[in-house]
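Here's a quick briefing to read alongside the structure. Take a look at it first, then work through the points below.

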Amino acid sequence: MAKSASKNEPGKIRWPEFRARLAGWFTAYCGHDLRCLQSLGSFTALMYRPTDGAALGVARALFGLMMLIDIPEERGGGNLDFRWGDPRACWFPLVNGMEPLGYARMGVVYLVMWLGALGIALGYRFRLACLMFVTSYWYVFVLDKSSWNNHSYLYGLLGTLFLFTDANKFLSFDAYKNRTSSQEVPFWNYFILKYQFFILYFLAGLKKMCPEWLSGYAMTNLSYHWVFLPFRSLLGPQLTDLLIVHWFGCIFDTLVVFFLIYAPTRKTATLFACAFHLMNSRLFHIGMFPWTCLTQLPLYYSVSWPRLVWKKLSFGESSEKNTKHQKPKKQTKQAPSKRRKIVTGTMLLYCLLQLFLPYSHFITKGYNNWTNGLYGYSWDMMVHAWDTVLTSIKVTDNTTNRTLYLMPYAFVDNDRWTKHADMAHQFAHCIDRNMRQEYAATDRKKMTNFSVHFDIWCSLNGRFLQRIFNPQVDILTAEWSPFKPVDWLLPLLHEFTEMRTKIELMTRDVHTWSNTSDVLFVADFPGLTLDNYIVPEMDNVTLTILEGSVTYYHDEHPNPIHLTKGQRLPNIPPEFHHVTTTSSTPSSMVYTFVNKTMQTTSNERASTNKSPILPLGQELGHRLDNYVRFFQHVGNSLLYEIYGVPMPRRVRIAPDETTWTKD
């Protein structure tokens with residue numbers, strides 16, 4: 001009696017009902033019931049079920065169009081001379097020792113990539129076009145980790161998946177040439193693409209289910225953008241950041257694909273997805289990523305929706321004939337072939353690999369810094385926000401005992417290397433190569449012995465500024481392996497994580513002092529010294545110790561001043577000073593100051609910053625300029641390779657990158 005009564009209790013999960021609902025969801029997704037999972041043969045039969053290829057053809061054409069726009073922009077095609085033309089530039093290949101082919105041949109590689117994307121968009125010689133795009137794209141991708149993003153990784157995966165599908169059966173030149181052939185494709189062509197986007201969204205949502213994101217520390221102050229004006233007016237900026245940006249972002253990524261699969265919620269989910277991606281296109285500089293996701297949303301609708309749209313837009317008997325021609329034919333049941341089973345098994349292995357890779361940090365330990373694994377394939381989009389305040393690159397010539405301080409952007413065009421030990425190690429060896437070439441060019445025949453030290457101060461998700469690498473370690477002689485932890489990487493100071501609330505309160509308090517008051521929070525390790533320079537534009541500089549104890553001194557008055565928790569040192573003069581942590585535990589401190597140039601700068605920005613809310617004309621002009629430069633670079637590359645015509649190259653105008661000093 002007790003058991004039968006419990007079955008009727010409200011809120012209890014009844015397995016038969018749950019199984020029925022699960023079967024309904026699976027039927028909505030696959031068009032088949034759960035019996036297809038009983039064996040590999042039945043699952044293979046499901047995956048090879050003939051399906052109209054109309055929606056797949058539209059998705060293929062739109063993906064190719066997005067890549068045609070992306071190549072001159074985010075792939076760097078419009079700036080080939082900057083990216084691949086400087087012989088002193090440093091790159092960060094996945095495999096050490098990989099080198100680009102040279103400026104001219106890289107232009108040819110980009111031409112192959114662009115022609116492949118054009119062939120994908122037009123559906124012309126589809127297999128060859130996909131192969132051209134995929135090989136050249138992955139080659140450029142692997143050459144430089146500093147340009148990796150989750151969406152650039154996604155483009156390579158989508159191009160590879162399209163290579164093995166029959167996405168040229170509809171809306172393509174190939175289909176036009178073979179008008180008598182069937183326009184049906186195996187169902188797995190749809191399944192694998194929708195699965196890839198499921199991974200994109202769902203794992204991005206899982207990665208956001210962490211204290212960093214759910215506490216609202218990853219994307220701070222994003223609510224002040226104009227796209228959040230309705231929410232900000234109703235909730236205020238802080239709640240908008242927490243509830244709309246962080247919580248809703250996590251819920252959306254985790255659940256959106258489930259709502260797209262389920263027919264009753266599909267249209268509503270599409271509206272939310274469109275709003276989400278359009279907002280992202282305004283919020284972030286992420287190229288064609290939002291638009292690529294939008295172009296693939298129709299995959300979740302009827303596979304024949306393009307024909308239905310065409311039927312409504314066209315009149316006459318011809319459209320009806322085309323529609324009738326695409327009715328699925330009755331198939332006689334037969335056991336799947338061995339080849340089809342191999343294809344299905346390979347697809348399942350790919351699905352498992354995509355689930356495993358984002359959590360493979362326990363293998364790739366050399367890539368685990370303050371974030372886990374190789375950045376760019378983990379789908380941890382926007383979870384980690386970095387604020388790099390100081391980057392010091394010190395190169396010591398051990399033969400002459402001279403020290404060189406490089407500008408942070410010497411030989412590179414971004415600072416991604418400052419966050420990842422593997423790229424820092426590669427950058428140090430690139431600096432060593434360039435310095436040796438400079439010595440050889442100046443007829444310094446004597447071989448030199450260099451040391452390279454990095455002192456980089458970062459803040460992760462609103463924490464204290466702290467060093468990421470040990471500044472006392474010569475990176476040239478330091479060991480790095482992809483399968484071992486990096487011993488010269490300083491750990492994240494988790495003991496100060498709980499002080500982020502105090503940081504926020506103190507920051508607000510200091511900003512109320514005046515329009516020009518500001519604050520800087522710093523933490524350091526025992527035995528290390530912070531070398532800080534106070535510029536003349538900073539006034540009323542005060543150092544307050546929050547945790548630990550330190551020794552303060554400056555060059556003109558070397559007598560040290562000892563400071564402990566709660567003590568402060570006001571009116572620090574505008575010159576170099578040094579703060580050494582003397583406690584056995586890490587120290588934390590705060591600088592408060594008045595920035596005399598802040599008011600002038602803000603007034604100048606207010607008077608000059610009159611950019612439109614939707615600068616669509618500027619964006620279109622920028623894309624056209626990129627395209628013009630792209631074809632110029634490619635044309636110059638072909639002229640050089642065929643006729644030996646010298647290639648013009650722009651030169652970046654930058655301040656002096658090197659300054660020698662005595663140690």
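Helix α10 is mostly covered, with 19 of its 21 residues buried (under 20% relative accessible area, 1.4 Å probe, protein chains only; over 50% is exposed, and in between is partly exposed). Keep in mind that this is a predicted model, where local features need pLDDT of at least 70, side-chain atom pairs count only at pLDDT 80 or more, and totals for chains, interfaces and linings use all residues. Residues are numbered from 1 along each chain as its sequence is written, and side-chain values use heavy atoms, leaving out hydrogens and water.

**Helix α10**
- α10 covers residues 188-208 and reaches 30 Å from first C-alpha to last, close to the expected 30 Å (1.5 Å times one less than its number of residues).
- Helices here are DSSP runs of H or I with at least four residues, while strands are E runs of at least two, numbered from the N terminus.

**Phe-483 and Asp-509**
- Phe-483 sits in the loop between β6 (466-467) and α20 (500-511).
- Phe-483 counts as exposed because its relative accessibility is 54%.
- Over in helix α20 you'll find Asp-509, which counts as partly exposed because its relative accessibility is 43%.
- Asp-509 and Val-519 are 10 residues apart in sequence, and their C-alphas are 9.7 Å apart in space.

**Strand β7**
- β7 (residues 517-524) is mostly covered too: 6 of its 8 residues are buried.
- β7 runs antiparallel to β14 (residues 587-595), joined by 8 bridges; strands pair if DSSP finds at least two bridges between them.
- Leu-520 stands opposite Tyr-591 in β14.
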